[in-house]
Amino acid sequence: MSLFLRSVRARSLPRPLPTFALLTAIFFLLFGLWSLATPLMGVPDEPAHTIKAAAVVRGQVLVEDGTSFGHGVHVRVPNYIASLHAQSCYKFNRAQAADCAAPIYVDDTFTNIGVTSAGSYNPMYYWIVGLPTLFMSGAPAIYGMRLVSALLCAVFFAAGFTALTELRRPKYAVLVAALAMTPMVLFLGGGINPNSLEIAATMAAFSGFVVVLDNRRGTRRVLPALATVAAATVVLANARQISLVWLLCALVVGVCSFRLRRVGTVFRDRRVLTAVALAVPGALLGLLWMYIAANGPANVGVAPEGIASPHPDAPLYRGFMIMLDQTYDFFPQYIGTMGWLDTPVPELVALVWGGLMIAGLVVPFCVRPLRNWTGYWVALAMLYLVPALLQTALWRGMGFIWQGRYTLPLVVVLFISVGLGLRKLRFPGGALALRISRVFFWLIVACHTLAFVYVLRRYVVGISEIANWQTLFSSPHWQPPLGWLPLTILYLLVTAVGALLLFRYLHPGSPLVKGPLSLDGGARSNSGPESGITEEITGREPAPSGTAAVAEAQMSSGESLRPGK
């Protein structure tokens with residue numbers, strides 16, 4: 001933990017590695033708990049993606065002639081995979097508990113025909129996620145697939161946050177990025193769907209890119225961030241067809257967040273050019289797959305009822321205008337509309353995150369000069385225009401199919417750009433700021449946990465017209481692995497640990513729980529509220545007292561946090 005808190009001190013290359021490992025573990029636990037709490041096939045489009053993964057890992061990569069029909073692509077998979085569409089008895093009906101779904105048996109492994117609407121998707125994600133089905137079967141195999149997907153997402157989210165700590169004044173960016181991890185983002189990370197990896201990789205690519213731009217004269221110090229950009233680029237090129245759009249948007253926002261002269265300096269750096277050269281082959285493979293899929297057999301899936309409404313004769317501009325008009329209607333889905341768009345989070349959770357989002361959108365109008373917010377303005381314009389343009393392209397053929405989760409990569413980029421714009425301000429560290437931060441952090445932990453247990457309630461007993469919280473204890477209809485109550489307790493503990501680490505990073509030496517014995521080990525250090533201001537202004541942590549101060553001064557030799565900047 002001390003390595004995480006002092007991650008801004010060391011200058012050696014391994015410095016980010018402990019931070020990355022710790023954050024990967026936290027994100028994996030959060031995603032893993034969501035994967036256990038959500039019934040199998042309870043994540044949007046999960047049956048189609050699960051069938052696709054089981055087919056790809058068995059060598060069925062291309063769409064074969066004669067296997068593609070109006071409702072999807074036919075593939076040969078184990079029967080327990082092919083029958084997953086039968087788990088849909090609770091979809092779109094939040095009053096129905098998940099106990100109506102038939103068991104998924106371990107011995108149901110004879111080969112059968114499954115149907116997937118993701119037949120033409122790039123196989124990279126599916127090959128990795130489908131691996132557990134080669135040596136497991138039944139429900140354990142599907143949970144294994146979920147955990148593999150959760151680990152992929154955790155790695156890229158951890159890499160993105162680790163990169164942000166390498167900024168010269170990182171605290172605002174790290175804080176806003178943490179707030180962008182809404183319950184919906186965590187929920188998606190626990191399912192089988194490339195949408196979750198798309199969000200994580202876009203966040204990692206943008207975070208690493210802005211860090212490289214911020215360290216244009218010392219890219220050696222941020223080689224992990226540079227590697228993050230290269231890896232995320234390859235993943236986004238091979239996730240979904242739309243993923244390259246989010247990558248392009250992230251790179252454009254990053255460029256607009258800094259002066260063009262700085263961007264030119266970065267792209268003349270040999271380390272950056274090497275990273276680009278390493279990423280290009282992977283990106284070309286993604287483009288090659290897009291070409292193959294576009295010229296292969298037709299692959300048309302049917303959107304869920306209530307989402308698609310084809311209008312073959314409707315003018316294109318109408319779809320564009322509808323999307324512009326409904327831009328902010330998608331915000332509840334950014335926060336949390338779990339299940340198959342049938343389980344919105346409680347109003348308290350929506351109110352808290354809605355207030356945070358409004359504050360994030362308004363802050364740039366209040367902090368001058370406005371020209372320092374160019375990246376934010378570009379990201380905001382993209383949030384309006386890019387989804388509208390993409391939906392317009394699909395308007396006549398598939399109707400209005402857009403969902404808020406599709407835009408989450410842009411949402412994360414937008415709010416991180418707010419943190420970048422705030423970096424010129426001092427991070428508050430006074431007594432009042434600490435009190436407000438404590439209340440705020442515990443409120444976020446409570447909202448995350450409330451969203452988690454509310455979704456559990458939806459699947460354990462259903463959301464009825466009358467209050468039925470007591471039936472969670474008295475007569476649960478469905479139980480997730482380990483039981484809903486242990487999962488809730490574990491989720492509360494993990495989110496509290498995450499909040500503690502973030503609070504200590506933002507306010508060194510100040511405990512999240514104030515009392516005679518703090519969570520820091522029972523003793524307050526002498527780096528009080530003022531130390532946060534000192535660190536932010538001077539770029540160094542407060543000096544320790546006594547002989548330790550002399551020794552540390554001799555070791556540091558007056559070196560600042562970011563020499564030469």
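This report walks through the empty spaces and some of the helix packing in a predicted model.

A few ground rules come first. Residues are numbered from 1 along each chain as its sequence is written, and side-chain values use heavy atoms, with hydrogens and water left out. Since this is a predicted model, local features need pLDDT of at least 70 and side-chain atom pairs count only at pLDDT 80 or more, while totals for chains, interfaces and linings use all residues.

**Empty spaces**

Rolling a probe the size of a water molecule over the atoms shows where empty space is left. On a 1 Å grid over the protein atoms alone, a cavity is a set of points where a 1.4 Å probe fits but cannot get out; a pocket is an open set with protein on both sides within 12 Å along at least five of seven lines; and lining residues have an atom within 4 Å of a point. Points are joined across faces, edges and corners, and a volume is the space filled by probe spheres set on them.

The structure holds five cavities of 30 Å³ or more. Here are two of them, along with a pocket:

| Space | Volume | Lining residues closest to the centre |
|---|---|---|
| Largest cavity | about 490 Å³ | F27, A178, G498, A499 and L502 |
| Second largest cavity | about 110 Å³ | Q60, L62, V63, V73 and V75 |
| Second largest pocket | about 790 Å³ | S257, F258, R259, N372 and K424 |

Helices (H or I, at least four residues) and strands (E, at least two) are DSSP runs, numbered from the N terminus. For residue classes, Ala, Val, Leu, Ile, Met, Phe, Trp, Tyr, Cys and Pro count as nonpolar, Asp, Glu, Lys and Arg as charged, and the others, Gly among them, as polar.

Take the largest cavity, lined by 23 residues. That lining has 19 nonpolar, four polar and no charged residues. At least two lining residues come from each of α2 (16-37), α7 (171-179), α19 (431-460) and α21 (484-506).

The second largest cavity has 14 lining residues, split into six nonpolar, five polar and three charged. Both α3 (46-56) and β2 (72-78) supply at least two of them, and β2 gives the most, with four.

As for the second largest pocket, 22 residues line it: five nonpolar, seven polar and ten charged. Helices α12 (260-266), α17 (374-398) and α18 (408-421) each bring at least two of these.

**Helices side by side**

Two packed helices are described by the angle between their axes and the distance between the axes. Axes are lines fitted to C-alpha atoms, for helices over the stretch in contact, and angles run from 0 to 180 degrees between N-to-C directions.

Helices α7 and α18 pack at about 160°, with axes 7 Å apart. That makes α7 roughly antiparallel to α18 (a label for angles over 145 degrees). Contact means heavy atoms within 4.5 Å, and here Y172, A173, V176 and A177 of α7 meet F415, I416, G419 and L420 of α18. This set comprises seven nonpolar, one polar and no charged residues.

Helices α10 (residues 223-237) and α11 (residues 243-256) pack at about 145°, with their axes 7 Å apart. On the α10 side the contact uses T233, L236 and A237, and on the α11 side S243, L244 and L247. Four of these residues are nonpolar, two polar and none charged.

**One residue up close**

L152 sits in helix α6 (residues 138-164). Leaving aside neighbours within four places in sequence, L152 is in contact with Y125, I128, V129 and L197. The C-alpha atoms of L152 and A200 are separated by 8.6 Å, with their positions 48 residues apart along the chain.

Conventions: Angles under 35 degrees count as roughly parallel, over 145 as roughly antiparallel, 65 to 115 as roughly perpendicular and the rest as oblique.
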